[in-house]
Amino acid sequence: MLTAEQMDTYRSHGWLIIPDFFSPDLEQIVADLLQIFPAPHDYWADPSRYPELQGGQFDSVRTIPTGVPLLDGLPFDHRVRDIAVQVTESNDLRLMRGGYQSKFTAAADFEQILHLDYTNHTLVVLPDEERSAMVGFFAYFTDVTTDTGPTMAVSRTHCGQLRITDTHLERDRWPQIYEHEEPLLCKAGSLLVYDYRTLHRGSALHGQSANRLTLSFAYGVAAPWHGFYSWPNRADEPAVRQLIAALTPDERVLLGFPAVGNPYWTPATIEAVGRRYPGFDGTPYRQALGAS
Ligand SMILES: O=C(O)CCC(=O)C(=O)O
């Protein structure tokens with residue numbers, strides 16, 4: 001949960017950095033990331049061995065599930081969900097997207113223009129109200145310095161003249177907004193929480209042999225006009241089956257799974273879904289049937 005002061009920062013600027021959020025697990029997370037990304041010394045020994053991480057700025061993104069249990073569990077961390085519930089004022093949320101990224105200096109042009117992320121996730125626009133309809137998160141697993149491509153953001157206090165449809169701001173048209181952008185510098189283990197109405201952008205890594213490891217994901221209020229990362233078309237991948245079996249019923253709801261107590265669940269569907277996802281524990285769904 002955010003404190004009143006943190007909430008105030010989030011509401012007035014549009015973002016908040018929480019230091020040490022993932023620090024207790026940081027060592028293990030970084031070790032597990034080696035299962036999906038090369039270690040910096042291996043990469044820099046011969047970058048030409050890693051063409052799959054170079055070229056397009058998103059080529060180095062690996063969406064969840066990765067098949068690595070600790071990594072796949074982080075977007076579901078109950079502390080993150082509590083923050084999402086708090087800022088959206090909704091208990092009916094969806095995990096909209098999630099991906100790990102390993103950026104290496106000059107592997108791609110990581111310089112972006114200031115933008116809002118919501119256009120990828122809704123058919124309409126985000127309402128102008130205090131609560132967030134969508135909230136993004138960046139977890140940083142390496143120190144973020146001016147050399148390692150900090151996320152740049154503009155406080156909402158400087159965006160009064162902008163409309164919600166000003167979603168991608170060209171630098172030459174909006175110099176007065178770029179003047180106010182600031183690098184979000186923080187230590188490894190920090191979590192950035194940002195409202196989806198906050199202007200931000202990725203920036204280039206300038207450090208020699210620099211590497212930046214992140215997890216980026218977002219939650220949104222469930223609504224038919226909100227899109228979220230589609231799981232059904234990947235449901236037969238081993239990593240997806242494994243994750244769905246491992247999640248709690250509440251966590252599965254974040255992916256669009258029917259909640260405990262939903263009329264979808266019958267003795268037959270519980271048994272069959274259990275067969276589809278080896279390791280799936282149907283007990284909570286069954287108990288709810290018994291209680292009704
Ligand atoms: O990587 C970052 O720091 C920000 C990236 C970003 O804003 C995006 O890809 O939409």
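This is a walk through the fold of one protein chain, from its overall dimensions down to a handful of individual residues. Keep in mind that what you are looking at is a predicted model.

Let us start with the whole chain. The secondary structure amounts to 10 helices and 11 strands. For 292 residues, the rule for a compact globule gives a radius of gyration near 19 Å, and the protein chain comes out at 20 Å, which agrees. If you align the view with the principal axes, the C-alpha atoms fill a box of roughly 60 × 50 × 30 Å. Of the 292 residues, 51% count as buried.

The contacts and the surface add to this picture. When contacts between residues at least 6 apart in sequence are taken, 83% of them join residues at least 24 apart. The protein chain exposes about 13700 Å², and carbon and sulfur atoms supply 53% of that area. As for charges, there are 23 positive and 36 negative ones, and their mean positions lie 5 Å apart.

Now let us move towards the N-terminal part and pick out helix 2, which runs over residues 26-33. Which of its residues are buried? They are Leu26, Ile29, Asp32 and Leu33. These residues span an arc of only 130° around the axis, so they sit on the same side of helix 2. Their cover includes helix 4 (69-73), strand 3 (93-104) and strand 11 (211-221).

Just before helix 2, in the loop that comes after strand 1 (15-18), you will find Asp20. Its backbone is worth a look: Asp20 has a positive phi of about 65° although it is not a glycine. Asp20 is exposed, with a relative accessible area of 52%. A second non-glycine residue with a positive phi of about 65° is Ala106. Ala106 belongs to the loop between strand 3 and strand 4 (114-115). Is Ala106 buried or exposed? With a relative accessible area of 68%, Ala106 is exposed.

One more backbone detail is easy to find by eye. The peptide bond leading from Ile64 to Pro65 is cis, with omega near 0°. Pro65 is placed in the loop between strand 2 (61-63) and helix 4. Helix 4 is part of the cover over the buried residues of helix 2, and it also appears in the surroundings of helix 7: the buried residues of helix 7 pack against helix 4 and helix 8 (249-253). Helix 7 covers residues 238-246, and its buried residues are Ala239, Val240, Leu243, Ile244 and Ala245.

Strand 11, which we met as cover for helix 2, also holds Thr214. Thr214 is buried, at a relative accessible area of 2%. Beyond its neighbours within four places in sequence, Thr214 is in contact with Gly99, Tyr100, Gln101, Phe138, Ala139, Tyr140 and Phe141.

One of those partners, Tyr140, deserves its own stop. Tyr140 lies in strand 5 (residues 134-140), and at 1% relative accessibility it counts as buried. What does Tyr140 touch, once neighbours within four places in sequence are set aside? Its contacts are Thr151, Cys186, Lys187, Ala188, Gly189, Ser190, Leu192, Arg212, Leu213 and Thr214. His168 is 28 residues from Tyr140 in sequence, and the two C-alpha atoms are 24 Å apart in space.

In the loop between strand 4 and strand 5 you can find Tyr118. Tyr118 counts as buried, since its relative accessibility is 2% and the cut-off for buried is under 20%. Not counting residues up to four places away in sequence, Tyr118 touches Val124, Val125, Leu126, Met134, Ile164, Thr165, Thr167 and Tyr196. Arg197 is 79 residues away along the chain, with its C-alpha atom 7.2 Å from that of Tyr118.

Finally, turn to helix 9 (residues 267-276), where Pro267 is found. Pro267 is exposed, with a relative accessible area of 62%. Its C-alpha atom is separated by 8.8 Å from that of Tyr285, 18 residues apart along the chain.

Key. Residues are numbered from 1 along each chain as its sequence is written. This is a predicted model: local features need pLDDT of at least 70, side-chain atom pairs count only at pLDDT 80 or more; totals for chains, interfaces and linings use all residues. Side-chain values use heavy atoms; hydrogens and water are left out. Helices (H or I, at least four residues) and strands (E, at least two) are DSSP runs, numbered from the N terminus. The radius of gyration is taken over C-alpha atoms; the globule rule is 2.2 Å times the number of residues to the power 0.38. Buried means under 20% relative accessible area, exposed over 50%, partly exposed in between (1.4 Å probe, protein chains only). Contact means heavy atoms within 4.5 Å. Accessible areas come from the Shrake-Rupley method with a 1.4 Å probe; for residues, only the protein chains shown count as cover. Lys and Arg count as positive and Asp and Glu as negative; His and the chain ends are not counted. The place of a charge is taken as NZ of Lys, CZ of Arg, CG of Asp or CD of Glu. The arc is that of the directions from the helix axis to the C-beta atoms.
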